[in-house]
Amino acid sequence: MDSSASLFNKLKGADPFFLLAGPNVIESEDHILRMAGYIKTITTKLGLPLVFKSSFDKANRTSSKSFRGPGMAEGLKILEKVKVAYDIPIVTDVHETIQCEAVGRVADVIQIPAFLCRQTDLLVEAAKTGRIINIKKGQFCAPSVMINSAEKIRLAGNLNVMVCERGTMFGYNDLIVDPRNLEWMREANCPVVADITHSLQQPAGRKLDGGGVASGGFRELIPCIARTAVAVGVDGIFMEVHDNPLNAPVDGPTQWIATAPFGGTSGRANCNS
C-alpha cells in the first residue's frame, strides 16, 4: 500500500525517534480516546511522530481469569474511532492468521507478539496485508533470529518491516536489557525499536493474595532504559502508558503514567522529559 510505504518512510526518517505508545489493552472506548488525546498532546509539542498502540485481546495472559480486552470486532471499532478523532496511525497486535486481514483494514502497523516472532504462517499472513509489520523479539531469542523473521516478511512481498527489542530472559522471573542487541538487530536491515516497558517486566514474578501469580516489573527504571536506548540510537521507542497504572487490568507495574495536565512528578509523562 502506498500509504504504508509513506508512513514507513516517515518513521524511518524521524529525528530523534518515533514513538509507539498507548495503554496495554483497550479497557473502554472512553479511556482509549482520552489516553490518545493525552499522548498526542505530548508528542505534538515534542515534534515526535506517534503511532497509537493498544490491544483488543491479550491472548497470552498468565491466568485464564485475567482481563483480555473487548475482542477483535469491538476493539477494532474503537481503534478506528481513535484514528478518525485524532488523525493518528494505529498499531495493534495479532495472535492468529485469521485476524490479519481484518486488523489490516484498520491498523497501520501490525505487531507480532514476542512469543510468536518465529511463527512463519502468522508472519506471512500479516505481511500480505501490506501494512507495516513490527516484530517483537522473543525473550528467548538471540538478536540474530530477527534477521530471519524480517526476511520472512520481505519474501512475502512486504518491505515495510521493523524489529523490536523487548528484553531477554534472565532466569525464570526476570528480564534484562542488553544494549548490544539494539546494535546487533541492525543486521535485520530495517528500523530497530526498543520496547522500554515490557523490557522491565518480571514475568509471573508477583505472587497474588489467595494464590496464583502475575507479572511484576520496575516502572521506576523506565527513564533509565529509555535514555539508554536513545543513546544507542534506536529508530523508535515503544512504551505502554496509563493514567492510573496501579489499577490497570494488565501490566500495571510497567506502564508509565500519563495524565492531564502533564506535571513533572516521578513516573508521570512530562512534556519536558
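**Cores, helix α2 and salt bridges in a predicted model**

Modeller: In this predicted model, the largest nonpolar core holds 60 residues, and those with the most contacts inside it are F52, I112, I135, V163, I196, I237 and M239.

Biologist: Which element gives the largest share of this core?

Modeller: Nonpolar side chains tend to be buried together in soluble globular proteins. The helix in question has H31, I32, M35, A36, G37, Y38, I39, I42 and T43 as its buried residues. The largest share of the core, five residues, comes from α2.

Biologist: Which residues of α2 does F52 contact, once its neighbours within four places in sequence are left aside?

Modeller: Contacts of F52 include A21, G22, P23, V82, I88, P89, I90 and V91. The buried residues of α2 include I32, M35, A36 and I39. These four also appear among the contacts of F52, which gives the answer: I32, M35, A36 and I39.

Biologist: Against which elements do the buried residues of α2 pack?

Modeller: The buried set of α2 includes Y38, I42 and T43. The buried residues of this helix pack against β1 (18-22), β2 (50-53), α3 and β12.

Biologist: What length does α2 reach from its first C-alpha to its last?

Modeller: The helix has 18 residues, and at 1.5 Å a residue the expected value is 26 Å. After the helix comes G47, with a positive phi near 75°. The span of α2 is close to expectation, at 26 Å.

Biologist: How far apart along helix α2 are D30 and R34, whose side chains meet in a salt bridge?

Modeller: Side chains of opposite charge can pair when their charged atoms come close. Here the N to O distance is 2.8 Å. D30 is exposed because its relative accessibility is 53%, whereas R34 at 29% is partly exposed. Because D30 and R34 are four residues apart in the helix, their separation is about one helical turn.

Biologist: Is D108 buried or exposed?

Modeller: D108 is located in the loop between α4 (100-104) and β4 (109-112). Residues up to four places away in sequence aside, D108 touches L7, K83, P89, I90, R131 and I132. Its relative accessibility is 14%, which is under the 20% limit, so D108 counts as buried.

Biologist: Which residue forms a salt bridge with D108?

Modeller: The side chain of D108 also reaches the backbone nitrogen of I90 at 2.8 Å. In the salt bridge, the closest N and O atoms are 3.4 Å apart, and the partner of D108 is K83. The pair links distant parts of the chain, 25 residues apart, with D108 in its loop and the partner in helix α3 (residues 72-86). At 22% relative accessibility, the partly exposed partner is K83.

Biologist: How many residues apart in sequence are the parts tied together by D235 and R186?

Modeller: The side chains of D235 and R186 meet in a salt bridge, 2.5 Å from N to O. D235 lies in the loop between α8 (222-232) and β12 (236-242), and R186 in the loop between α7 (179-184) and β9 (192-195), so the pair ties together parts whose separation in sequence is 49 residues.

Biologist: Which residues are joined into one network by salt bridges that share partners?

Modeller: The count of salt bridges comes to twelve. One of them joins the side chains of D30 and R34. Through shared partners, the members of one network are D30, R34 and D243.

Notes
Residues are numbered from 1 along each chain as its sequence is written. This is a predicted model: local features need pLDDT of at least 70, side-chain atom pairs count only at pLDDT 80 or more; totals for chains, interfaces and linings use all residues. Side-chain values use heavy atoms; hydrogens and water are left out. Helices (H or I, at least four residues) and strands (E, at least two) are DSSP runs, numbered from the N terminus. Buried means under 20% relative accessible area, exposed over 50%, partly exposed in between (1.4 Å probe, protein chains only). A polar contact is a pair of N or O atoms within 3.5 Å; within protein, one must be able to donate a hydrogen and the other to accept it, and residues adjacent in sequence count only if both atoms are side-chain atoms. Contact means heavy atoms within 4.5 Å. A salt bridge is a side-chain nitrogen of Lys or Arg within 4 Å of a carboxyl oxygen of Asp or Glu. The expected span of a helix is 1.5 Å times one less than its number of residues. A nonpolar core is a set of buried Ala, Val, Leu, Ile, Met, Phe, Trp, Tyr and Cys residues joined through side-chain atoms within 4.5 Å.
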